[in-house]
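Me: I'm new to this one and would like a close look at a single part. Could you walk me through the place where the two protein chains meet, and then what sits around it?

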There are 2 protein chains.
Amino acid sequence: MINSVDQRLLSLLRQNARTSVSDLARALDLSRSTVQSRIARLEANGIIRGYSLVLGGEYLAHQVEAHVSIKVHQKLTLKTNSALEQISHVAQLYAVSGEYDLLAIVQAQSLEELSAVLDEIGNLEGVERTNSAVILETKFKR
Amino acid sequence: MINSVDQRLLSLLRQNARTSVSDLARALDLSRSTVQSRIARLEANGIIRGYSLVLGGEYLAHQVEAHVSIKVHQKLTLKTNSALEQISHVAQLYAVSGEYDLLAIVQAQSLEELSAVLDEIGNLEGVERTNSAVILETKFKR
DNA sequence: ACTGAATTGATCATATTGATCTAATGATTC
DNA sequence: GAATCATTAGATCAATATGATCAATTCAGT
């Protein structure tokens, strides 16, 4: 499915998704046709879902983010999930192991807004208790 | 700094970072020069840090991920941060509010590997205690 | 050895690029 | 309104890239 050439291709695209196919081919010492068809196949197979922006600190500096661990009432999981999905500030939602059931990643434009969203989540019917960790600083991200 | 045209440009690039400048210009009803120079400026200003891959579920399905909250010994924060950065499986590291000092996002190719990394982190000199939440399922991500 | 898959490299017409430039337009200040 | 600066438009040029197709060659599996 994914061999070492694919891995190298993915790595190059991870570094700069706007690299031209010709440049990728040169970097990998492959023909352009080959790179074209490998990309096509990786896309068709769902390995590559798309290509996106990496925003810089200048932009992100104005956002605040928190990781919210959520303990859910047992009978209300579907309802809670759906309610969380309705909250636009919830960027990601995962089911997790451990003390809590869900982990929500919440983004807002200010601390006030974040606080309001956290309250909103805490007040959802299916939410038993929450624990929030507000991101203060990004040490690194790769 | 960022006006509504910039926002629309960022939005288009977020959807497909490989879109040609010419296509972006057509979509925004602007001249190619303008789009070129706006991209150049957004990059120069650090708003756009880069362009990357969005990997699909087929690929990610083979990875396991955990969010590790870390309480650090007070005098050892720099040393601990640096040690965590040396561990390649640590994809992201944040300073957080609350009960813990750091949040590490750890990725591995298997549960065994994840477990080993979690042990490794727990055994770092500056690490007082940890709490790990293994991602079981992605409910949504947007 | 055989077969199917993958790769190569050529070809073609078209599109895009990077860079430069001038003119026009828009925004701001006096 | 005039002056000034910033931004945008659009033209130009040569070089490069693209998408698609194709035939030949190579590779990998049986």
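Reply: One term before we start: two residues are in contact, or touch, if their C-beta atoms, placed from the backbone, lie within 7 Å. Keep in mind too that this is a predicted model.

Let's begin with how the two chains are arranged. Chain A can be laid on chain B by a rotation of 179 degrees with 0.4 Å of shift along the axis, and the RMSD is then 0.6 Å. The two copies are therefore related as by a two-fold rotation axis. Both copies also use the same surface, since 100% of the contact residues of chain A recur in chain B.

It helps to know what one chain is made of. Chain A has 6 helices and 5 strands, and from the N terminus on they come in the order α-α-α-β-α-β-α-β-β-α-β. Buried residues make up 27% of its 142 residues. Looking at contacts in chain A with a separation of 6 or more, 57% are between residues 24 or more positions apart.

Now the meeting place itself. Here 46 residues of chain A are in contact with 46 residues of chain B. On the chain A side, the elements that give two or more residues include helix 1 (4–15), strand 1 (48–55), strand 2 (64–72) and helix 5 (77–86). Strand 5 of chain A has the largest share of that side, with 10 residues. Sorted by class, the side of chain A that touches chain B holds 22 nonpolar, 15 polar and 9 charged residues.

What does strand 5 of chain A pair with across the chains? Strand 5 (residues 127–141) of chain A pairs with strand 3 (residues 90–96) of chain B, in the antiparallel sense and over 5 bridges. If you want one spot to find on screen, take A:Thr138, whose bridge partner in strand 3 of chain B is B:Tyr94. There is a matching arrangement to look up as well: strand 3 of chain A is joined by 5 bridges to strand 5 (residues 127–141) of chain B, and these two run antiparallel. In that pairing, A:Val96 has B:Ile135 as its bridge partner.

Follow strand 3 of chain B a little further. Strand 3 of chain B is also joined by 5 bridges to strand 4 (residues 102–108) of chain B, again antiparallel. One of the partnerships there is B:Ala95 with B:Leu102. These two strands form a hairpin with 5 residues between them, and in this hairpin B:Gly98 takes a positive phi near 105 degrees.

Strand 4 of chain B also contains B:Ala108. Is B:Ala108 buried or partly exposed? B:Ala108 is partly exposed, because 18 other C-beta atoms lie within 10 Å. Leaving out residues up to four places away in sequence, B:Ala108 touches B:Val64, B:His89, B:Glu113, B:Leu114 and B:Val117. B:Glu65 is 43 residues from B:Ala108 in sequence, yet the two are 6.4 Å apart in space, C-alpha to C-alpha.

Next, the nonpolar interior. The largest nonpolar core has 39 residues, and A:Leu102, A:Ala104, B:Leu102 and B:Ala104 touch the most other members. Strand 2 of chain A supplies the largest share of this core, 5 residues. For a sense of what surrounds one of those members, A:Ala104 touches A:Val68, A:Ile70, A:Leu84, A:Val90, A:Leu93 and A:Ile121, not counting residues up to four places away in sequence. Another core, of 20 residues, lies apart from that one, and its members include A:Val35, B:Leu13, B:Val35 and B:Leu53.

Finally, the DNA. Both chains put residues around DNA strand C, among them A:Thr34, A:Arg38, B:Ser20 and B:Asp23. The elements giving two or more residues there are helix 3 (32–44) of chain A and helix 2 (21–28) of chain B, and helix 3 of chain A gives the most, with 4 residues. The surface near DNA strand C divides into 3 nonpolar, 7 polar and 2 charged residues. For DNA strand D, the surrounding residues include A:Ser20, A:Asp23, B:Thr34 and B:Arg38. Two or more residues come from helix 2 (21–28) of chain A and from helix 3 (32–44) of chain B, with helix 3 of chain B giving the most, 4 residues. The surface near DNA strand D has 3 nonpolar, 7 polar and 2 charged residues.

Note on methods. Residues are numbered from 1 along each chain as its sequence is written. Chains are lettered from A and ligands numbered from 1 in the order in which they are written. This is a predicted model: local features need pLDDT of at least 70, side-chain atom pairs count only at pLDDT 80 or more; totals for chains, interfaces and linings use all residues. Copies are superposed by least squares on the C-alpha atoms of residues with pLDDT of at least 70 in both. A residue is buried if 20 or more other C-beta atoms lie within 10 Å of its own, exposed if 12 or fewer, and partly exposed in between; C-beta atoms are placed from the backbone. A residue is near a molecule or strand if its C-beta atom, placed from the backbone, lies within 6 Å of it. Ala, Val, Leu, Ile, Met, Phe, Trp, Tyr, Cys and Pro count as nonpolar, Asp, Glu, Lys and Arg as charged, and the others, Gly among them, as polar. Two strands pair if DSSP finds at least two bridges between them. A nonpolar core is a set of buried Ala, Val, Leu, Ile, Met, Phe, Trp, Tyr and Cys residues joined through C-beta atoms within 7 Å.
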